[in-house]
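Okay, thanks everyone, I'll keep this brief. Let me put the structure up and then talk you through it.

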Amino acid sequence: MNNIKFLILLLVGFLGLNLVIGADADAEADKDPNPGAVAEAGADTKTETGTSTRVAGFYFVNDSNYEKCTSDGKCEEVPYPTNTSTCSRDTTGTIIKTADGVFELCLGKIDEDIYSSIKFKNEIATEAKYLVKHTPVANNVFTFDDEAFYYVIKLTNKGIEFDAESTFTDYCADITGKITTRIEDFCSSEGSGFYYTSENGIVKLIHRQSDYSEVQKSLEDINYECTISISESDTCTTKKCDNYYISEENTNPSYLFVTREGKFVSDVNGKGFLIKVVSDKSCSVVTKSSASGYYENPLSNKSTYPLIYCTGGYCSLKKIEEAKGKYYYLDAQDNKKLILCDETKDNESSIMTCETKEIDNTFVGYYKNANSKNELIYCSEKKECNPTVGVNHFAYITSNPSEIIICQNDECEIGDGSQDKFYMNGGSDKITKPLLKYDSSNKWVSTAAAKDFLCLNGIEPSSDNPGEKALILCTNTNSCNEIDAENSRIFISYTDNKIYKYDDLNEKWKDKDINLTSA
């Protein structure tokens, strides 16, 4: 036998042929004849058994098993699922068993709220084409192109397989996922409301039908289909969500308001995070879990919800209930910014519009913080704004010096004040200038006092107790206090030659100049 093998090898060598005998032949057959080549995704490949040619998809085998082929050329025979499940985000792109015992391929969400699936059975009579959603899940069949939104699949008598020959522009799809052509600008009454463009079976471009009712869908509805997730450390990952969201009315960067799982939040009942989508695959979280407070709402629903409020690690959309006057909010993350919300007229109604302002020297002063009845915002010469609590029976000069904020009964309000009286200064310079007065230049200023200076308090007592803290007495230039008149109705100030008398008829305190020297 060895002599015969030697003669064969000698003959092969003489003829210039290559021949491998025995076990070495199997190893040689496994070698890639072109090891540098890369197979095209979804293209024809041989199964591991080598019995047939398969593209990415699912194929009938028998009543117990089916064959699953991925784009990398690997096919495996797997048993049908025994547990029942529904078509959902988690089961998209897989074979499921319904409650009725029917096996189906879950196509994913084609419509706003509807997940679609098609039956997987060895009885397909006519070929039809459908869309199946891309899923970024390892080992799934339809996950081989990160840029894909959907893949085109076709039903055949062999199973359900990727259709690499499908190239079309602006086709329709029913909510079942079935692809249909359009008649001019009309899709079927069961259409998803979007046009789809495919190149070699991969759908990377989707846009809205211009005539599709905004009442039925809004631009944001599709955002749930973006692959978004937000980690506990506020790291955002996404896949091409701006292509869904940006329209002619929006410009980069785009903003989305979503839950950690990527579901779009559209009303005050939802909690989520504001994210900024910068490019196809780049996004960042704007509202950090650690930063509580207010943000200007950049979304398309800002006319209804002008603000986003964050607390307890989550955020929610916020209305301003009373569209009246100006409201100020601290920016949650940057104390060099202030959010100004102002009333604007929209036809016959009033709406609030909010805008984030960079702080400069024109902002120095106190603001009523719309977040609280007795909380104020102080913006300093350092171009920084910080919260502070308004103290009862004190007043604060605003950035508009013709107005002051007066705090009493645990509530602070902006007003013109009693320009002929004094107020206790609650501002940052109160130590050296304990009083506020309205001066000859028609503005409120802080001022030092004189020793034994007596004046009427701008915060008037109630008619039930007219003597309560009715006057302010200063014992030196930087120490002043409110004093009770008790049962007295007349006070005389020797420092400025004035007499202070309670007018019972008008129920208010009045002052009058007198000449004590000549008296």
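I'll go from the whole chain to the core, then the aromatic rings, and then a couple of loops.

First thing to keep in mind: this is a predicted model. The mean pLDDT of the chain is 76, with 71% of the residues at 70 or more. So where is confidence lowest, and where is it highest? The low end is helix α2, residues 23-29, with a mean of 34, and the high end is strand β30, residues 394-397, at 95. Residues 1-52 stay under 50 in pLDDT, and for that stretch the model has 34 contacts beyond four places in sequence. Residues 211-225 are also below 50, and there the model has 43 contacts beyond near neighbours in sequence.

Okay, overall make-up. We have 519 residues, of which 42% count as buried. The secondary structure is three helices and 41 strands. If you take contacts with a separation of 6 or more, 45% of them are between residues 24 or more positions apart. For the surface people: accessible area is about 28400 Å², and carbon and sulfur atoms hold 47% of that.

Now the core. The largest nonpolar core has 24 residues, and the members that touch the most others are F58, L105, I118, F120, F142, Y151 and I153. Which strands supply at least two residues each? Those would be β3 (57-60), β7 (103-109), β9 (129-133), β10 (150-155) and β11 (159-162). The largest share comes from β10, with three residues.

Let's zoom in on F58. Beyond four places in sequence, F58 is in contact with a long list, including Y66, I95, L105, F120, V141, F142 and I160. Some charged residues are on that list too, among them E67, K68 and K158. F58 also turns up in a ring cluster, where ring pairs link it with F60, Y66, Y80, F103, F120, F142, F144, Y151 and F162.

That takes us to aromatics in general. The chain has 22 aromatic pairs. One of them is Y366 with Y396, a tilted pair at 5.1 Å centre to centre and 55° between the planes. Y366 lies in strand β27, residues 365-368, and Y396 in strand β30, so this pair ties together parts that are 30 residues apart in sequence. Are those two tyrosines buried or exposed? Y366 has a relative accessible area of 8%, so it counts as buried, and Y396 is buried as well, at 2%.

There are also charges sitting over rings. R54 lies over the face of Y59, 4.3 Å from the ring centre. The charged end of K133 is over the ring of Y150, at 5.7 Å from the centre.

Last bit, two loop threonines. T84 is in the loop between β5 (75-79) and β6 (95-97). Its contacts beyond four places in sequence are K97, T98 and A99. Take T98 there: T84 and T98 are 14 residues apart in sequence, but their C-alpha atoms are 5.2 Å apart in space.

The other one is T259, in the loop between β18 (254-258) and β19 (273-279). T259 has 16% relative accessibility, and since the cut-off for buried is under 20%, T259 counts as buried. Not counting residues up to four places away in sequence, T259 touches I230, V265, K271 and G272.

That's what I had, so over to you.

Definitions and conventions
Residues are numbered from 1 along each chain as its sequence is written. This is a predicted model: local features need pLDDT of at least 70, side-chain atom pairs count only at pLDDT 80 or more; totals for chains, interfaces and linings use all residues. Side-chain values use heavy atoms; hydrogens and water are left out. A nonpolar core is a set of buried Ala, Val, Leu, Ile, Met, Phe, Trp, Tyr and Cys residues joined through side-chain atoms within 4.5 Å. Buried means under 20% relative accessible area, exposed over 50%, partly exposed in between (1.4 Å probe, protein chains only). Helices (H or I, at least four residues) and strands (E, at least two) are DSSP runs, numbered from the N terminus. Contact means heavy atoms within 4.5 Å. pLDDT is the predictor's confidence in each residue, from 0 to 100. Accessible areas come from the Shrake-Rupley method with a 1.4 Å probe; for residues, only the protein chains shown count as cover. Rings of Phe, Tyr and Trp (its six-membered ring) pair if their centres lie within 6.5 Å; planes under 30 degrees apart count as stacked, over 60 as edge-to-face and the rest as tilted. A charge sits over a ring if NZ of Lys or CZ of Arg is within 6 Å of the ring centre and within 35 degrees of the ring normal.
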